[in-house]
Amino acid sequence: QVGVGVGKAGDVISAVKKGVADGKKHLVDVPLTKSNSIPHVSYGYATAAEVLLRPAAPGTGVIAGGAVRTVLELSGVQNVLAKQLGSNNPLNNARATVNALAELRTFLEAAQERDVPLEQIYS
């Protein structure tokens, strides 16, 4: 699970507490494959920021920059290729990454939505 939150206050400690509380309200479950990667390609959007996430082979690592790398590492993804498109704003890129992770589905979920057996998805 991972979430992004923002908090503002007069001192740092209170702002961090508010940010953590806001992040916990917006948690997203991240489906992972056996190689600790994402199941399929995903795009995420937040205002002008766009993020592309692609699964990667085992041993690749997290190939991403800035806030996207932070969100992916905290979510437990170990092998992924990511690209920030559009905005360079770190907060919007983090929100776009969470949006992309929220759109991920497992093969079982896709099979159930299509009313087909799981084996047919792999072929």
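**Exercise 1. Classify the exposure of Asn36 in this predicted model, then describe its backbone**.

Solution.
Step 1. The relative accessible area of Asn36 is 27%.
Step 2. Buried means under 20% and exposed means over 50%, with partly exposed in between. Asn36 is therefore partly exposed.
Step 3. Locate the residue. Asn36 sits in the loop that links helix H1 (12-25) and strand S1 (42-46).
Step 4. Check phi. Asn36 is not a glycine, yet its phi is positive, about 55°.

**Exercise 2. Is Thr47 buried or exposed, and where does it lie?**

Solution.
Step 1. Thr47 has 68% relative accessibility, so it counts as exposed.
Step 2. Its place is the loop between S1 and strand S2 (49-55).
Step 3. Thr47 has a positive phi too, near 50°, and is a residue other than glycine.

**Exercise 3. Work out the strand order of the sheet and find its edges**.

Solution.
Step 1. List the elements. The protein chain has five helices and four strands. Along the sequence they follow α-β-β-β-α-β-α-α-α.
Step 2. Order the strands in space. The four-stranded sheet is open, its order is S1-S2-S4-S3, and its pairing is mixed.
Step 3. Read off the edges. S1 and strand S3 (62-63) each have a single partner strand, so one side of each is left without a neighbour in the sheet.
Step 4. Examine one edge. S3 and strand S4 (residues 80-86) run parallel and are joined by two bridges. Across this pairing, Ile63 stands opposite Leu81 in S4.

**Exercise 4. Which strands do helices H2 and H3 touch, and at what angles do the helices run?**

Solution.
Step 1. Take helix H2 (residues 66-75). H2 packs on the sheet and touches S2, S3 and S4. The directions of H2 and S4 make an angle of about 145°.
Step 2. Take helix H3 (residues 90-102). H3 packs on the sheet as well, touching S1, S2 and S4. The directions of H3 and S1 make about 140°.

**Exercise 5. Summarise the whole chain: extent, burial, contacts, surface and charge**.

Solution.
Step 1. Extent: the C-alpha trace spans about 55 × 25 × 25 Å along its principal axes.
Step 2. Burial: of the 123 residues, 35% are buried.
Step 3. Contacts: among those with a separation of 6 or more, 54% join residues 24 or more positions apart.
Step 4. Surface: the accessible surface is about 7,400 Å², and carbon and sulfur atoms account for 54% of it.
Step 5. Charge: there are 12 positive and 10 negative side chains. The centres of the two sets lie 9 Å apart.

Definitions and conventions: Residues numbered from 1 in each chain as written. Predicted model: local features only at pLDDT ≥ 70, side-chain atom pairs only at ≥ 80, totals over all residues. Heavy atoms only, no water. Buried < 20%, exposed > 50% of the residue type's maximum accessible area, 1.4 Å probe, protein only. Contact = heavy atoms within 4.5 Å. Areas by Shrake-Rupley, 256 points an atom, 1.4 Å probe, with all protein chains shown as cover. Lys, Arg positive; Asp, Glu negative; His and termini not counted. Charge placed at Lys NZ, Arg CZ, Asp CG, Glu CD. Pairing = 2+ DSSP bridges. Axes fitted to C-alpha atoms, helices over the stretch in contact; angles between N-to-C directions.
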